[in-house]
Amino acid sequence: MSPPIPYVNSADLHALLPTTVIAAAGLLALVVDLFMSAGRARRWIAVAIAAAGLVIAGVLTAQQYGHSYPAFGGAYMQGGFAVVLGEIAIFATLVSLGLGIGIGRDDQVAGTTAIVLWSTCGALLMAGAGNLMMIFLGLELLSLGLYCLCAMSVRSAARESGLKYLLLSSMASGFLLYGMALLFGGTGSVALAAISAAPPSPLIALGAGLFLVGIAFKLSLVPFHSWTPDVYEGAPLSVTAYMSVVTKAGALGVLGRFAYAALPPATANAILLPVWTVAAISMIVGNLAALQQIDMKRLLAYSGIGQVGYIVAAFAGQTPLGLRYAIFYLAAYTFMNLGAFAVVALMLKDADGSLGVGAFAGLAYRRPWLAAAMTFFLLSLAGLPPTAGFTGKILILASSVGAGYWWLSVLLIAGTAISVYVYFKIVRAMFVRVDEAHVRAERSTNPLPWISIAVCAAAVFVLGIYPLAPSDIIPLAK
Amino acid sequence: MTGLVTALVLGPILVGFVLYALPKGADAGAKWAGVAVAALAVALTLGNPHTPDDSVPWLARPFGAAFHFGFGAISYWIVVLLQVATFSALVALRATRLREYTAQMLVLLGAMTGVFLAKDLLLFALFWDLMLVPVFLLMVGWGLPGGGPRRAGTAAWRYLIYNLAGGLCLLLATAAFGIVHGSTDVIGNPDAHVVIGNVWGAWIFAGFAFAFLVKTPVFPFHTWMPATYGELPPPVVAVVSGIQSKAGLYGFIVIGLPFFAEQMRAATPLVVALGIISLLYGAFTALAQSDAKRVVAYSSLSHLGLILIAIFSFDQVAIAGAVVYIVAHGLFSAALFLVLGYVEEREETRSLQRLGGLGYGNPRLAGALVFAALAALGLPGLAGFAGELLILTGLYHAGFGAVALIALVPIVVAAAYMLRLFQGIMNGPKVADLPERRDLTWIEGLAVAPLVLGFILLGIDPAPVAGLASDAARALTGPQTPVSHRAQPRRSETESAYVAADSVR
């Protein structure tokens with residue numbers, strides 16, 4: 001049983017400080033926008049305020065590193081891996097806003113920016129959530145914002161995307177909520193730690209199962225993935241980039257804490273085995289489906305399904321190192337995935353548009369640096385050296401082999417082999433000599449994605465060869 | 001000189017990227033900068049054979065790993081071969097977009113140097129996968145004149161998918177090896193040599209073996225090879241066939257022998273059978289090819305089968321012979337592919353049915369080809385013979401007498417297909433409608449010269465390579481050799497290596 005909360009002290013508020021700063025930045029952006037005249041400057045001001053808030057929040061989050069504290073009676077666990085997941089979410093938000101400098105028309109940008117920031121608050125809460133209520137609060141805060149953002153553009157595909165996301169995601173929330181109710185009924189507590197202490201009962205197993213279905217939906221693991229490609233394709237590029245990282249960071253935080261801290265050790269393996277199975281299926285099916293895609297956003301959606309499969313596979317066996325490697329790979333995925341999105345953004349004139357794989361034809365001869373960057377990110381996504389994707393994959397392999405999950409590691413290799421074909425299709429297109437006249441070559445006028453590309457490429461390289469054990473730079477906590 | 005070994009690996013890669021930053025028209029400058037890098041690498045390697053290892057820690061958990069580079073007894077001469085072959089290939093480069101071409105070749109040089117100089121298994125796996133990328137890009141960007149990008153694409157896919165399947169198995173095996181052994185910083189370190197004997201051993205070895213067999217390649221994993229060798233531009237195929245294909249054999253020697261001796265012995269019948277099939281299949285298929293490049297490609301399959309058998313004989317002399325033959329084969333197959341590339345450039349075909357009579361107008365070209373072909377068919381006095389003799393002696397010594405007898409067949413057939421190749425191109429009546437071009441220019445000669453010089457020198461005196469390899473082979477096979485009739489005369493085995501070497505003189 002969690003103790004009653006007698007009062008809220010300053011340490012509790014301090015734990016939520018980064019979240020508070022981001023939320024306040026959203027409000028500030030809205031208020032300042034009221035006093036702006038029409039024009040392109042509005043976009044920049046709103047995004048600049050958001051960026052300032054995010055940077056401050058990033059610094060504040062970093063200061064929590066190593067200071068674990070169960071705020072609000074254990075509802076929010078400050079420190080631990082929440083710090084890393086929080087930084088990932090903050091970084092992804094920053095990059096996404098920069099891809100098209102805000103989302104939507106000039107007069108919409110302040111509003112959308114505020115929504116993005118508040119969604120990020122939801123992801124931060126999820127990453128640190130220590131009880132079921134906080135998990136649900138964070139999840140809904142994140143999702144509600146995304147429903148709007150997906151439908152932001154005037155294209156009908158975007159509206160379809162928003163509605164589809166709303167319907168399917170609500171259903172997932174229903175599963176999650178039902179599972180939570182059963183867990184609460186079975187244990188009499190909403191705190192994750194209390195669930196693990198309760199004696200095993202069918203109620204807990206059923207509740208945990210429903211809960212995990214909901215999470216698998218949010219992580220878009222196969223067979224709960226069907227919404228992802230459509231939503232990714234319809235949403236504006238910035239939103240797609242944002243969703244591909246931030247929702248995953250939040251949901252993986254929840255899954256990690258649930259798998260490691262909430263399940264009674266005696267039954268955990270039986271309850272989680274379906275999750276590993278689903279992860280294994282995701283690696284294969286996600287990459288197989290990506291083979292046929294010709295739209296970049298859809299391709300990255302399916303590839304993301306496979307990538308999440310790898311990350312979840314690292315949890316298998318619930319070894320402490322596995323948790324670290326999952327987070328390491330998530331960080332690697334963040335950089336390589338956002339890097340690829342930034343390249344796509346630079347190839348679009350209008351940040352709202354879509355890009356076919358064909359647009360990459362001959363890119364190496366038209367824009368060699370952009371092609372080199374894309375090749376590097378694709379190598380990393382495929383798990384080839386010298387990148388973070390390679391190191392991350394070897395760590396996950398080592399973790400799953402060490403935990404006795406041979407079959408997972410073999411399927412991971414199989415999935416990777418398929419994914420190579422997916423990613424090298426683009427690499428090949430970039431390096432084949434083509435007739436320039438047939439290629440629809442667009443350029444973005446926004447220089448910000450170049451900064452993202454530089455940062456992401458550096459991070460992908462450094463994480464790939466970091467000379468100290470990467471396991472030692474990522475804190476481990478429940 | 002500390003840091004030299006690392007520089008040999010990273011230097012070419014870095015220069016490759018710098019070349020990309022050059023202005024677009026700087027083609028000739030880029031090419032000769034690349035040549036200078038390769039020449040410098042050869043000079044530094046030959047000048048500092050006793051350079052200490054470089055090691056920087058990498059992973060501490062879940063297993064130890066390090067950025068550990070160093071010269072090894074087996075790898076030293078292979079790396080020299082690699083650098084010489086890359087030098088030749090770069091001198092011979094003639095294409096559009098030379099700047100990018102040279103840059104990719106340098107990345108390939110660095111990555112492959114990394115494979116052979118890595119003393120850490122994880123690092124080995126890293127470069128193993130990395131070296132596929134430049135070859136893929138070269139094949140996509142410059143593959144085959146006249147065939148159109150679609151066909152080159154198919155060969156490139158086949159190359160990538162086959163080799164990456166091997167590379168991924170290698171990666172999984174490496175991870176499992178690290179978990180079981182506790183560290184991957186083990187190559188060439190006698191203190192770390194433990195035979196991985198439990199249930200895991202067989203599976204881990206299977207992973208490594210698959211990667212190595214695909215890379216070599218050995219029947220039935222060879223199907224990517226003829227297309228790849230056919231479609232790659234000649235300078236690249238000289239490096240890929242000459243050296244990249246040896247990475248698997250090298251892996252069997254430095255990883256298989258010390259850690260998986262048990263499993264290798266268990267697998268010997270199977271692998272020797274595959275080796276014999278490759279030997280015979282390669283030789284007889286080469287006899288029937290009309291595409292000049294494919295003749296050499298299939299001869300490669302045949303020769304490498306012999307080396308594979310030699311390694312699995314666990315005999316010190318045979319393994320020393322294998323290393324000599326690895327270097328020799330690298331030299332003459334690189335020379336053959338370069339010369340065939342010149343022929344193709346001049347006559348715009350490489351069909352033996354169409355070619356003929358080139359020798360009259362091109363005596364220097366004919367001379368280069370005849371030297372390379374004679375080395376390939378194992379003429380005494382040239383490098384191929386030294387390797388073959390050591391291998392056959394060792395095989396006989398190790399109780400593989402029957403195999404040694406079978407191995408004589410393809411050696412005889414080699415004479416047939418190599419002479420057929422030479423005669424088909426150079427001899428016979430002049431073909432009237434073939435374009436008349438000028439003979440080998442001095443730059444083209446400069447490209448082939450180091451290779452020809454190499455296999456003449458190695459043929460006259462294989463002792464530097466054989467001696468080093470023989471000592472290493474003793475260390476690798478020594479502790480695991482069971483007490484048997486052939487474990488006893490260890491001293492005389494060493495001698496026989498030198499006797500064999502002497503007889504070549």
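S220(A) is buried in this predicted model, with a relative accessible area of 1%. Its place is in the loop between α9 (202-219) and α10 (227-234) of chain A. The phi angle of S220(A) is near 50 degrees, which is a positive value in a residue other than glycine. The points below take up a further residue with positive phi, two cis peptide bonds, a helix pair, an aspartate in a loop, and the cysteines.

**Backbone features in loops**

- Q318(A) also has a positive phi, near 45 degrees, and is a residue other than glycine.
- The loop that holds Q318(A) runs between α13 (296-315) and α14 (320-346) of chain A.
- The relative accessibility of Q318(A) is 19%; because buried means under 20%, Q318(A) counts as buried.
- In chain B, the peptide bond from T216(B) to P217(B) is cis, and its omega is near -15 degrees.
- P217(B) belongs to the loop between α8 (199-215) and α9 (224-231) of chain B.
- A cis peptide bond also leads from F219(B) to P220(B), with omega near 0 degrees.
- P220(B) is likewise found in the loop between α8 and α9 of chain B.

**Packing of two helices in chain A**

- Two packed helices are described by the angle between their axes and by the distance between the axes.
- For helix α4 (residues 81-99) and helix α19 (residues 448-465), both of chain A, the angle is about 145 degrees and the axes are 8 Å apart.
- The crossing that α4(A) and α19(A) form is left-handed.
- On the α4(A) side, the contact involves F91(A), V95(A), G98(A) and L99(A).
- These residues meet L448(A), P449(A), S452(A), V455(A) and C456(A) of α19(A).
- By character, the residues of this contact comprise 7 nonpolar, 2 polar and no charged.

**Surroundings of D106(A)**

- D106(A) lies in the loop between α4 and α5 (109-128) of chain A.
- With a relative accessible area of 26%, D106(A) is partly exposed.
- Apart from neighbours within four places in sequence, D106(A) is in contact with G39(A), R40(A), R42(A) and R43(A).
- With one of these, R43(A), the side chain of D106(A) makes a side-chain polar contact at 2.7 Å.
- From D106(A) to L263(A) the separation is 157 residues in sequence and 48 Å in space, C-alpha to C-alpha.

**Cysteines**

- The count of disulfides over all chains is 0.
- C456(A), one of the α19(A) residues in the helix contact, is buried at 0% relative accessibility.
- C169(B) is partly exposed, and its relative accessible area is 26%.

Key
Residues numbered from 1 in each chain as written. Chains lettered and ligands numbered in written order. Predicted model: local features only at pLDDT ≥ 70, side-chain atom pairs only at ≥ 80, totals over all residues. Heavy atoms only, no water. Disulfide = S-S within 2.5 Å. Buried < 20%, exposed > 50% of the residue type's maximum accessible area, 1.4 Å probe, protein only. Axes fitted to C-alpha atoms, helices over the stretch in contact; angles between N-to-C directions. Helix = DSSP H or I, 4+ residues; strand = E, 2+ residues; numbered from the N terminus. Left-handed = near helix turned anticlockwise from the far one by under 90°. Contact = heavy atoms within 4.5 Å. Nonpolar A, V, L, I, M, F, W, Y, C, P; charged D, E, K, R; others polar. Polar contact = N/O pair within 3.5 Å; in protein donor to acceptor, adjacent residues only side chain to side chain.
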